[in-house]
Amino acid sequence: TPTLPVFSLAGRTAIVTGGAQGIGEAIVAALRDSGARVFICDINPDVGKATAERLGVDFIAADVTDSAAVEAAFDHVVATAGRIDIAVNNAGIVHNHPSESLTDHDWRKVLAVNLDGVFHCCRAAGSRMLAQGGGSIVNTGSMSGHISNFPQPQAAYNAAKAGVIHLTKSLAGEWAGRGVRVNSVSPGYVGTELTQRGMDNEEWRRAWLAGTPMKRVATPAEIAPAVVFLASDAASFCTGTDLVVDGGYTIW
Ligand code: NAD
């Protein structure tokens with residue numbers, strides 16, 4: 001099938017954190033289908049290995065909150081494939097709890113995965129890409145980095161995602177002159193395990209769909225092409241941008 005050559009990822013090596021399932025899994029499949037050699041990096045080895053086998057890609061177990069484990073994962077990619085061209089920093093968790101009684105532990109856990117984890121991966125990717133003369137980093141933000149969701153309480157998640165979007169811009173500025181682009185993709189509601197609890201709650205589901213002009217949630221496969229675009233040479237003049245893919249949620 002013909003593809004505009006700038007969208008091709010042939011010969012590129014990619015790592016996708018949180019690639020075992022959900023949005024990450026769809027990103028892994030899309031990068032692979034565009035020609036990249038892909039490594040799934042995930043905290044869950046059971047699901048991760050099964051997904052990797054099914055998709056014909058490699059698997060590395062790592063917890064993104066552990067910066068030494070992240071460095072080891074990136075070392076493994078470079079040792080195996082010779083280089084790292086694309087890093088999709090996608091691992092994330094959500095915790096819904098009213099802020100007036102949110103514990104230090106739960107606040108820290110969400111920030112540790114969703115913001116510290118993205119920084120650990122950006123640093124690991126950026127240092128190696130700068131040394132080799134180029135690369136593309138795509139972080140998974142969220143519409144929650146732009147708006148505060150309703151009706152579920154999730155201040156730590158929203159703050160972390162706003163942090164991811166601004167971290168992305170900050171790193172883009174530091175590395176723009178040296179061949180490394182850093183962008184983010186911010187999904188609206190997507191049907192994955194992360195949103196299942198909300199979709200099972202009649203009040204939440206109704207509010208989520210009412211707030212989404214398209215009146216539905218996305219499939220993970222509808223988010224992945226935006227990541228392929230930003231990872232590829234088709235986005236050669238994009239850096240520091242946040243590509244919102246939300247069925248219109250943030251227009252209202
Ligand atoms: P998911 O729960 O289906 O998948 C998340 C994956 O991340 C899992 O495979 C999990 O094992 C992995 N993971 C969790 N903690 C990790 C850690 N510490 N280290 C390594 N891997 C870890 O969720 P999803 O919906 O696919 O979410 C993927 C990303 O998209 C997250 O960053 C999430 O915040 C973001 N997002 C999701 C939605 C949505 O509606 N589903 C909307 C906007 C943004």
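In this predicted model, Lys215 is placed in the loop that runs between α7 and α8, the latter comprising residues 224-231. The backbone of Lys215 adopts a phi value near 60°, which is positive although the residue is not glycine. With a relative accessible area of 46%, Lys215 is classed as partly exposed, because this value falls between the limits of 20% and 50%.

Helix α7, which spans residues 202-210, contains Trp204. The relative accessibility of Trp204 is 11%, and the residue therefore counts as buried, the criterion being a value under 20%. Although Trp204 and Gln152 are 52 residues apart along the chain, their C-alpha atoms are separated by 7.1 Å. A further backbone feature is found at Phe150 and Pro151, which are joined by a cis peptide bond with omega at about 5°; Pro151 itself belongs to the loop between β5 (135-140) and α5.

A second buried side chain is that of His120, a residue of helix α4, which covers residues 104-132. His120 has a relative accessibility of 13% and so also falls under the 20% limit for burial. The side chain of His120 makes a polar contact with the backbone oxygen of Val64, at a distance of 2.8 Å.

The ligand occupies the space of the largest pocket. Helices α1 (22-33), α5 (155-175) and α6 (193-199) are the elements that each contribute two or more residues to the surrounding shell, and the largest share, 3 residues, is supplied by α6. In total, 29 residues surround the ligand, with Asp42, Asn90, Tyr157, Val190 and Thr192 being the closest. By residue class, this shell is made up of 13 nonpolar, 12 polar and 4 charged residues.

Several polar contacts between protein and ligand can be assigned to individual atoms. A nitrogen atom of the ligand lies 2.9 Å from a polar side-chain atom of Asp63, while an oxygen atom of the ligand is found 2.9 Å from a polar side-chain atom of Lys161. The backbone also takes part, in that a polar backbone atom of Gly188 is located 3.5 Å from an oxygen atom of the ligand. Taken on its own, the ligand has 840 Å² of accessible area, of which the protein covers 93%.

Terms used. Residues are numbered from 1 along each chain as its sequence is written. This is a predicted model: local features need pLDDT of at least 70, side-chain atom pairs count only at pLDDT 80 or more; totals for chains, interfaces and linings use all residues. Side-chain values use heavy atoms; hydrogens and water are left out. A residue is near a molecule or strand if one of its heavy atoms lies within 4 Å of it. A polar contact is a pair of N or O atoms within 3.5 Å; within protein, one must be able to donate a hydrogen and the other to accept it, and residues adjacent in sequence count only if both atoms are side-chain atoms. Accessible areas come from the Shrake-Rupley method with a 1.4 Å probe; for residues, only the protein chains shown count as cover. On a 1 Å grid over the protein atoms alone, a cavity is a set of points where a 1.4 Å probe fits but cannot get out, and a pocket is an open set with protein on both sides within 12 Å along at least five of seven lines; lining residues have an atom within 4 Å of a point. A molecule sits in a cavity or pocket if more than half of its atoms lie within 2 Å of its grid points. Helices (H or I, at least four residues) and strands (E, at least two) are DSSP runs, numbered from the N terminus. Ala, Val, Leu, Ile, Met, Phe, Trp, Tyr, Cys and Pro count as nonpolar, Asp, Glu, Lys and Arg as charged, and the others, Gly among them, as polar. Buried means under 20% relative accessible area, exposed over 50%, partly exposed in between (1.4 Å probe, protein chains only).
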